[in-house]
Amino acid sequence: MQKFTPILLGSDINVYGMARSFNEAYGIKVTALAASTLAPTRYSKIVNIEQHPGFSEDPEFIKVMREKIKEYKNHEEPVILISCGDGYSELLAKHKEELEEAFIVPYIDYSLLKKLISKEGFYEVCEEYGLPYPKTKIITMADYQDGSYADVPFAFPVALKPEDPVSWLDVQFEGRKKAFVIKDLAEFKDIVGKIYTNGYKEDLILQDFIPGDDSNMRVLNAYVDKHHQVKMMCLGHPLLEDPDPIAIGNYMVITPDYDQRLYDTVKAFLEKINYTGMANFDIKYDSRDGQYKFFEINLRQGRSSFYVTLNGYNLAKWYIDDYVEDSLKDKETVYGNKNPQTHRLWLGVPPKIFEKYAVDSDAKMAAMALLKAKRYGTTVFYKKDFSPKRWLLMKHMYHNYYKDYERYFKVNKEQYFAKNK
């Protein structure tokens, strides 16, 4: 008999990665609750998407979940809720006490979440606990109105991104991106002007641009148990990102990496702030001072985090070992990817795109060797979930990346790499 029931929140590639992790570890099909269906989870035999329009926000979220509390309150085995998006992590933390009447909710308290989910708040916490982050200036709407925003304290190019990604979704103008790399003051003034005259009211994050291409990035997933002890850390070395303006910064190729010093830094940070659950850090190596700089923490596994399961540290098992089996308490921390012989390359694009667009480096050479040795995998192509319909849809999704890279890579990525290696 099954000992537990997982319920995922969302319907994107992150959801599919978690559903596949559960299927690989336990052979089960999972249910996901979502506002709509997206391509990665369509026609799947391992995840059942239950649609509830408006579910991604209150009041519909808690309305649906109150019905689910009634349904699962006397459930025989434990039922665990797993977020696959920032918005869902926030909603779970906000309603944690009420949801715990029927569910396991492996997330931090709302007060800590509100601090960490805000980029400003995260940098304040970094400052308090000594975690390096890029030099940053906060720009407010008032700064734009009085003109003081134009005092840029960093050399160009600079990085600019919205502090509030949720309200950013409603802002539309020509040239809009998820994040900007800006080459001079004229472009900076133009973009800030467009942002604040097209409905955005929240703060902007202006940052010193750390030089280097996509291969200077690192991504780190960690699992922190219910006793606030880090039990697993898995470092990834992204070699290519999505160049599409609306998805810029999403990792498309990740090779496994190991750095004990970085592991120790993150472990100390997470345990000091009494974290719980999965954490996903975006980091960039700064060659100017030899430090890793932390951009943000995602309070859940990321869309590309299946690289963790692919390399032997199944994302689903940590939740179950912790909350159902209660077997993590006395176990030592697992530091991922120590042994290069077990490394596997994660691909979110066709291999030809990786080969053509990733900047040449030692890491790329090692990744190409993994590719040649067939030691690689994807999130969405899963033999146990094969059907002609699903296979064609996933092939179409992957094929579309050829057009995206042809159209966007040069303008959104390549022009910055030559100057900033």
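**Exercise 1. Unusual backbone geometry**

Place aspartate 326 between its flanking helix and strand, and state the sign of its phi.

*Solution.* Start with the location: aspartate 326 sits in the loop that runs between helix H12 (315-323) and strand E14 (334-335), where helices (H or I, at least four residues) and strands (E, at least two) are DSSP runs numbered from the N terminus. Next, consider the backbone angle: the phi of aspartate 326 is positive, about 55 degrees, although this residue is not a glycine. As background, most residues other than glycine have a negative phi, and most peptide bonds are trans.

Before going further, note the basis of the values: this is a predicted model, in which local features need pLDDT of at least 70 and side-chain atom pairs count only at pLDDT 80 or more, while totals for chains, interfaces and linings use all residues. Residues are numbered from 1 along each chain as its sequence is written, and side-chain values use heavy atoms, with hydrogens and water left out.

**Exercise 2. Cis peptide bonds**

Find which residue is joined to proline 59 by a cis peptide bond and which is joined to proline 157 in this way, then locate both prolines.

*Solution.* Take proline 59 to begin with: the cis bond links aspartate 58 to proline 59, with omega at about 10 degrees, and this proline lies in the loop between E3 and helix H2 (60-72). Then turn to proline 157, whose cis partner is phenylalanine 156, with omega at about 0 degrees; proline 157 belongs to the loop between helix H7 (141-146) and strand E6 (158-162).

**Exercise 3. The parallel sheet and its helices**

Give the strand order of the open sheet that contains E1, and describe how H1 and H3 lie on that sheet.

*Solution.* Begin with the order, which is E3-E2-E1-E4 for these 4 strands, with parallel pairing; two strands pair if DSSP finds at least two bridges between them. The edges are strand E3 (47-51) and strand E4 (79-83), each of which pairs on one side only. Neighbouring strands are turned against each other by 25 degrees on average, direction ignored.

Now look at one pair in detail. Strand E1 (residues 5-9) and E4 pair in the parallel sense over 5 bridges, and isoleucine 7 stands opposite leucine 81 in E4.

Finally, add the helices. H1 packs on the sheet and touches E1, strand E2 (30-34), E3 and E4, its direction making about 165 degrees with that of E1; touching, or contact, means heavy atoms within 4.5 Å. Helix H3 (residues 86-94) also packs on this sheet, touching E1, E2 and E4, and its direction makes about 135 degrees with that of E4. Such angles run from 0 to 180 degrees between N-to-C directions, and the axes are lines fitted to C-alpha atoms, for helices over the stretch in contact.

**Exercise 4. The antiparallel sheet and its helices**

Work out the strand order of the sheet that contains E5, and name the strands that H6 and H9 meet.

*Solution.* The order is E5-E8-E6-E7, an open sheet of 4 strands with antiparallel pairing. Strand E5 (136-139) and strand E7 (180-182) form its edges, each pairing on one side only, and the twist averages 25 degrees from one strand to the next.

Inside the sheet, E6 pairs with strand E8 (residues 204-208) in the antiparallel sense over 5 bridges, with leucine 206 in E8 as the bridge partner of leucine 160.

As for the helices, H6 lies across E5, E6 and E8 and runs at about 45 degrees to E8. Helix H9 (residues 185-196) packs on the sheet and touches E5, E6, E7 and E8, with its direction at about 145 degrees to that of E7.

**Exercise 5. Two packed helices**

Classify the packing of H5 and H6 from the angle between them, and list the residues that make the contact.

*Solution.* Two packed helices are described by the angle between their axes and the distance between the axes. Helix H5 (residues 110-117) and helix H6 (residues 119-129) pack at about 100 degrees, with their axes 4 Å apart. H5 and H6 are therefore roughly perpendicular to each other, a label given to angles of 65 to 115 degrees. From H5 the contact draws on Lys115, Leu116 and Ile117, and from H6 on Lys119, Gly121, Phe122 and Val125.

Notes. Parallel < 35°, antiparallel > 145°, perpendicular 65-115°, else oblique.
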